[in-house]
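Q: I would like a close look at one part of this protein, taken slowly enough for a first-year student to follow.

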Amino acid sequence: MDKEQDIIQSWQANAGNWIRIIETDGIQSRKIATNKAIIDIISAHQPVTVLDIGCGEGWLARELAQRNITVSGVDAIPELIAKAKEKVKGDFVVASYEDIAEHSTSLKGPFDAIVINFALIGKESTENLLKTLPAYLSPGGHLFIQTLHPHSRKQMDDYESGWKTGSWDGLGDQFTQPYQWYFRTLEDWLQLLNSSGFAKIYFTEPLNPQTRQQLSVIFVCTIK
Ligand SMILES: C[S@@+](CC[C@H](N)C(=O)[O-])C[C@H]1O[C@@H](n2cnc3c(N)ncnc32)[C@H](O)[C@@H]1O
């Protein structure tokens with residue numbers, strides 16, 4: 001089956017598991033660093049409206065709404081969007097990245113900021129999505145992307161962009177249907193953002209406060 005479809009089907013199968021693990025604060029790296037990092041960097045830019053793409057069950061949208069930001073969210077999985085609607089007052093839409101790229105959703109932009117938190121997983125879906133996002137941003141608006149730190153694969157001696165075997169290791173046995181995901185080197189991320197119409201690209205590297213190891217990277221950019 002198509003790798004991009006595998007990703008969506010896996011999220012469909014694991015939506016309930018995901019809701020439980022997020023609601024019980026079950027992912028250590030999120031608890032100790034990456035949640036706060038993405039909230040802080042978005043807040044520092046003081047957007048009035050934010051679109052959360054691949055919003056999952058809505059935890060980040062809720063945090064932003066609590067800071068008086070008007071939030072919209074989109075995700076392919078109906079169960080996750082239903083949960084987000086329960087938690088947060090906002091405009092939540094079931095749609096895939098392909099739908100966003102084709103402008104076939106009811107999303108009402110433009111937005112002051114767009115955030116994609118650990119939700120760019122495929123290859124073509126990511127490429128097609130990113131190049132349409134400038135059209136969803138207000139002039140001077142920002143795109144925030146948090147993702148696994150590319151250097152984590154240097155330790156594995158596999159620092160080459162491409163599809164990688166995935167797993168749910170560490171999240172518990174109830175997770176099923178691991179999928180392949182598309183890895184990008186730091187250089188390839190920067191090139192992709194640039195060729196998608198973004199400029200003034202910079203990034204921060206949230207650390208594990210104990211080990212000082214990089215846990216993720218957050219790219220921040222504006223439209224060219
Ligand atoms: C790791 S979760 C992150 C969820 C949320 N951003 C968070 O920080 O908890 C990845 C999310 O991306 C969504 N997703 C992945 N590929 C997608 C696609 N092609 N279209 C729409 N949603 C997608 C999944 O349904 C899932 O909710």
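Which residues have the most contacts inside the largest nonpolar core, and how many residues does that core have?

A: This is a predicted model, and its largest nonpolar core has 39 residues, with W11, W18, I38, I42, F92 and F144 making the most contacts inside it. At least two residues of this core come from each of α1, α2 (28-44), α3 (59-65), α4 (78-87), β4 (111-117), β7 (181-183) and β9 (216-223), and the largest share, seven residues, is supplied by α1. In soluble globular proteins, nonpolar side chains tend to be buried together. To see one member of the core in its setting, take I38, which, leaving aside residues up to four places away in sequence, touches W59, L60, V115, N117, F144, Q146 and I218. Another core, of 28 residues, lies apart from the largest one, and among its members are I100, I114, A119 and Y136.

Two of the residues that I38 touches, W59 and N117, also appear among the closest of the 20 residues that surround the ligand, together with R30, G54 and D75. A polar side-chain atom of W59 lies 3.0 Å from an oxygen atom of the ligand, while a backbone N or O atom of G54 lies 2.7 Å from one of the ligand's nitrogen atoms. Taken alone, the ligand exposes 590 Å², of which the protein buries 96%. The residues of the shell around the ligand comprise 13 nonpolar, four polar and three charged ones, and α1 gives the largest share of that shell, three residues.

Methods
Residues numbered from 1 in each chain as written. Predicted model: local features only at pLDDT ≥ 70, side-chain atom pairs only at ≥ 80, totals over all residues. Heavy atoms only, no water. Near = heavy atom within 4 Å. Polar contact = N/O pair within 3.5 Å; in protein donor to acceptor, adjacent residues only side chain to side chain. Areas by Shrake-Rupley, 256 points an atom, 1.4 Å probe, with all protein chains shown as cover. Helix = DSSP H or I, 4+ residues; strand = E, 2+ residues; numbered from the N terminus. Nonpolar A, V, L, I, M, F, W, Y, C, P; charged D, E, K, R; others polar. Core = buried A, V, L, I, M, F, W, Y, C linked by side-chain atoms within 4.5 Å. Buried < 20%, exposed > 50% of the residue type's maximum accessible area, 1.4 Å probe, protein only. Contact = heavy atoms within 4.5 Å.
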